[in-house]
Amino acid sequence: MSDLLERLRGRGWRMTAQRRVVAEVLDGEHVHLTADEVHARAVARLPEISRATVYNTLGELVSLGEVLEVATDHRAKRYDPNAHRPHHHLVCAECGAIRDVHPAGDPLADLPESERFGFTVSNVEVTYRGLCPDCAAQRPPSPAVARP
């Protein structure tokens with residue numbers, strides 16, 4: 001589970017009711033909500049919260065490095081509170097569901113020096129793509145290939 005609220009308190013971040021609600025909505029494991037989803041959930045807890053406040057709070061959390069902004073293909077950006085635990089993402093190509101994954105090993109070690117082209121690499125982002133179990137179950141089975 002994410003420790004977003006604790007991290008923000010530890011930083012002395014001014015915890016207004018609106019900011020607290022946004023942080024509470026984001027807190028958790030495998031949370032990758034769009035700004036509109038954050039707003040909808042925040043409104044359920046605090047009806048007077050505005051869309052602008054949600055967007056501004058998300059922007060501030062990203063600037064602070066407490067939330068990651070995740071962009072997958074041409075879909076809406078999603079917000080990930082697990083900014084302090086290195087991880088990769090598993091993305092469903094059909095519905096866009098995202099899960100955090102923590103493979104063993106160092107992905108940078110898989111990049112040979114000859115393929116770095118002189119870059120000093122400071123960060124690695126890996127995205128695995130496929131179909132989630134729900135979307136895979138909805139697809140019709142592939143037709144059998146006729147063999148001679």
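This dialogue reads one sheet and the cysteines of a predicted model.

Reader: Start with the sheet. How many strands does the open sheet have, and in which order?

Author: The open sheet has three strands, in the order 5-4-6. The pairing is mixed.

Reader: Which strands are the edge strands?

Author: An edge strand pairs on one side only. Here the edge strands are strand 5, residues 98-101, and strand 6, residues 127-130.

Reader: And how are neighbouring strands of this sheet turned against each other?

Author: On average by 25°, with direction ignored.

Reader: Take one pair. Do strand 4 and strand 5 run parallel or antiparallel, and how many bridges join them?

Author: Strand 4 covers residues 88-92. Four bridges join strand 4 to strand 5, and the two run antiparallel.

Reader: Which residue of strand 5 does L90 stand opposite?

Author: L90 stands opposite R99 in strand 5.

Reader: Now the cysteines. What is a disulfide?

Author: A disulfide is a covalent bond between the sulfur atoms of two cysteines.

Reader: How many disulfides does the structure hold?

Author: Zero. Take C95: the nearest cysteine sulfur belongs to C135 and is 3.7 Å away. The cut-off is 2.5 Å, so a pair must lie within that distance to count. C95 is in no disulfide.

Reader: What about C135, where is its nearest cysteine sulfur?

Author: That sulfur is on C132, 3.6 Å away. C135 is in no disulfide either.

Reader: Are C95 and C135 buried or exposed?

Author: C95 is partly exposed, at a relative accessible area of 39%. C135 has 9% relative accessibility and counts as buried. The cut-off for buried is under 20%.

Methods: Residues are numbered from 1 along each chain as its sequence is written. This is a predicted model: local features need pLDDT of at least 70, side-chain atom pairs count only at pLDDT 80 or more; totals for chains, interfaces and linings use all residues. Side-chain values use heavy atoms; hydrogens and water are left out. Two strands pair if DSSP finds at least two bridges between them. Axes are lines fitted to C-alpha atoms, for helices over the stretch in contact, and angles run from 0 to 180 degrees between N-to-C directions. Buried means under 20% relative accessible area, exposed over 50%, partly exposed in between (1.4 Å probe, protein chains only).
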